[in-house]
Structures are given as structure tokens and as C-alpha cells.
Amino acid sequence: DVGWFILDSGAGAMVIDPEVAEQLGMEVVGEVLAAGVAGTARSAFRAGNEFSLGPMTWRGQVYVEVELGFLERAFGVPVAGIIGYGFFSRAVVEVDPLTELVAVHDPGTFELDESAWSPLLFDGHTASVMATFDVGTGALTEPFRMDTGGGSGTAFEGTIPWFELGGHRFEEPRVAFSQFDIGVFTDEYSAGNLGQDFLQAFRLVFDYSQDRIAFLERP
């Protein structure tokens with residue numbers, strides 16, 4: 001047990017802090033150009049041996065090495081890594097942002113009414129879902145990244161008339177408008193990120209193996 005990991009449906013890979021990787025003696029097995037909110041940078045690949053979360057144990061995974069020391073100021077505890085696509089693609093992951101509970105299910109045995117599911121769209125290893133919204137110019141329907149991990153950056157804040165996700169309509173929500181001209185917020189594949197203010201209205205069930213997500217509304 002080397003510390004806390006962020007559970008991040010918006011992360012396209014498993015991530016490990018370089019200090020933790022050195023502590024564990026994880027072998028460097030290559031490098032990658034990693035994209036983030038603030039742009040891209042070259043990062044090492046580190047070979048893992050075994051990763052366990054709840055009832056699932058995964059062997060032979062590969063991590064992208066990213067300096068995560070700055071996250072301790074935000075979370076109040078050292079952050080050893082980020083749980084991203086590699087884990088989500090091997091399990092059905094149920095997340096309740098409001099009660100702060102996570103359940104990990106076997107995709108071969110997990111069952112949920114078919115009507116509960118909505119399609120997920122993938123740009124590589126990053127998942128998005130369609131949402132409808134109005135910024136004062138009429139209804140628009142665009143893909144938004146599913147991002148349970150969150151992020152930070154330069155942005156303006158404001159209120160839009162409404163936002164609809166998973167059958168739930170948010171009236172006059174306050175949202176952030178990114179001011180970045182580099183990084184993932186400038187891609188051509190999605191209109192933005194879905195953060196906790198919207199996601200905590202639901203119990204979320206991610207099933208990457210079937211390209212789908214369930215937004216289960218609270219009573």
C-alpha cells in the first residue's frame with residue numbers, strides 16, 4: 001500500500017508518481033507523449049506487477065509516470081497515482097460521488113436493466129457522453145468527457161440557462177469556461193468536462209467493455 005490513488009474516468013491511462021515508482025523499483029519500459037490540461041510532455045512508462053482495488057486484482061499493468069506532488073495541497077494527503085482507463089476497461093465500476101462510495105463488479109456477472117444504459121463515446125482511451133445544453137443561443141447537443149477525477153486551470157465562471165444529462169435537467173447551473181489555448185480542453189472531439197457538480201446528482205455505473213454508462217437518479 002503506497003498511498004492514495006485518484007479514481008479518474010477522464011484519465012486515459014494508469015498513472016504513477018515518479019517518487020513512488022522509484023520506491024517500488026518499477027522498471028522503465030519506454031516513454032510516451034502524455035496530454036493534460038496544460039499541454040503535453042514526455043513521460044516514462046513504468047512496468048507494474050500487481051494492482052488490487054476491492055475484489056479485483058490486475059497483474060502486468062503499465063503506468064505513465066507523472067509528477068503528482070502538487071496534488072497533496074488539494075487533497076491533504078500524498079497522491080501516489082491515478083486509476084484510469086486500464087482499470088475501468090476491466091471492470092464495471094460503480095461510483096456514488098455524493099456518499100463517496102465505490103463498488104467494483106465483475107463485468108461477466110453484473111446485471112442492470114437495459115433501459116438504464118446510455119452510450120459512451122471513446123476518443124482513444126477517453127470516454128465521453130452526449131449532453132444537451134443552452135448557453136443562450138438555443139439547445140445544443142455535444143459530447144462531454146466523463147471526468148470523476150476533476151482538474152484545475154484558468155477559467156471564467158458563469159451561469160447558463162440549463163444543462164441536461166442522463167435524463168436530468170439542471171436549471172441555471174454555474175459552469176466554468178476554460179481559457180486554455182493548449183491541452184485537452186482545446187481538442188475537437190468534446191465540448192468540455194463533466195465534473196462533480198453535475199455527476200453527484202447520480203449514482204454512476206461505468207461499463208467500458210460494453211461502451212456504456214448508467215446514470216441512476218437518486219429518489
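How do strand 9 and strand 20 pair, and over how many bridges? In this predicted model, strand 9 (residues 92-96) and strand 20 (residues 202-207) pair in the antiparallel sense, and four bridges join them. Within this pairing, Val-93 has Phe-206 of strand 20 as its bridge partner.

**Overall composition**

The chain contains four helices and 21 strands. Of its 219 residues, 38% are buried. The accessible surface of the chain amounts to about 12,100 Å², and carbon and sulfur atoms account for 50% of that area. Where contacts join residues at least 6 apart in sequence, 59% of them link residues at least 24 apart.

**The open sheet**

Strands 9 and 20 belong to an open sheet of five strands, arranged in the order 10-9-20-21-11 with antiparallel pairing. The edges are formed by strand 10 (101-105) and strand 11 (117-119); each has a single partner strand, so one side of each is left without a neighbour in the sheet. From one strand to the next, the twist averages 20°.

Arg-212 is part of strand 21 (residues 212-217). Is Arg-212 buried or exposed? Arg-212 is buried, because its relative accessible area is 19% and the limit for a buried residue is under 20%. Its side chain makes a polar contact of 2.9 Å with the side chain of Asp-207. Beyond its neighbours within four places in sequence, Arg-212 is in contact with Glu-114, Trp-117, Ser-118, Pro-119, Leu-120, Val-205, Phe-206 and Asp-207.

**Strands 13, 14 and 19**

Strand 13 (residues 126-134) pairs in the antiparallel sense with strand 14 (residues 139-146) over seven bridges. Along this pairing, Met-130 stands opposite Pro-143 of strand 14. The two strands form a hairpin with four residues between them, and Gly-136 in the turn has a positive phi of about 105°. Gly-138 also lies in the loop between strand 13 and strand 14; with a relative accessible area of 28%, Gly-138 is partly exposed. The C-alpha atom of Gly-138 is separated by 9.5 Å from that of Pro-161, a residue 23 positions away along the chain.

Strand 14 is also joined to strand 19 (residues 192-194) through three bridges, and these two strands run parallel. Here Met-146 has Leu-194 in strand 19 as its bridge partner.

**Nonpolar cores**

Which residues touch the most other members of the largest nonpolar core? In this core of 39 residues, they are Phe-87, Met-146, Phe-163, Leu-165, Leu-194 and Phe-206. Strand 13 gives the most to this core, contributing four residues. Apart from it lies another core of seven residues, including Ala-11, Val-15, Val-79 and Ile-82. In soluble globular proteins, nonpolar side chains tend to be buried together.

The bridge partners Met-146 and Leu-194 are both among the residues that touch the most other members of the largest core. Phe-206, the bridge partner of Val-93, also appears in that group. For Phe-87, the contacts outside its neighbours within four places in sequence are with Met-14, Phe-51, Leu-53, Met-56, Trp-58, Val-93 and Val-104.

**Loop residues**

Ser-89 is placed in the loop between helix 3 (85-88) and strand 9. Its relative accessibility is 21%, and Ser-89 therefore counts as partly exposed. A polar atom of the Ser-89 side chain lies 3.1 Å from the backbone oxygen of Gly-86. When neighbours within four places in sequence are left aside, Ser-89 is in contact with Tyr-208 and Ser-209. The C-alpha atoms of Ser-89 and Gln-210 are separated by 9.1 Å, although the two residues are 121 apart along the chain.

Most residues other than glycine have a negative phi. Glu-100 has a positive value, as does Glu-172. Glu-100 lies in the loop between strand 9 and strand 10, whereas Glu-172 lies in the loop between strand 17 (168-171) and strand 18 (174-178). Both residues are exposed, as the relative accessible areas in the table show.

| Residue | Phi | Relative accessible area |
|---|---|---|
| Glu-100 | Glu-100: near 60° | Glu-100: 70% |
| Glu-172 | Glu-172: near 50° | Glu-172: 59% |

Definitions and conventions: Residues numbered from 1 in each chain as written. Predicted model: local features only at pLDDT ≥ 70, side-chain atom pairs only at ≥ 80, totals over all residues. Heavy atoms only, no water. Core = buried A, V, L, I, M, F, W, Y, C linked by side-chain atoms within 4.5 Å. Buried < 20%, exposed > 50% of the residue type's maximum accessible area, 1.4 Å probe, protein only. Contact = heavy atoms within 4.5 Å. Areas by Shrake-Rupley, 256 points an atom, 1.4 Å probe, with all protein chains shown as cover. Pairing = 2+ DSSP bridges. Polar contact = N/O pair within 3.5 Å; in protein donor to acceptor, adjacent residues only side chain to side chain. Axes fitted to C-alpha atoms, helices over the stretch in contact; angles between N-to-C directions.
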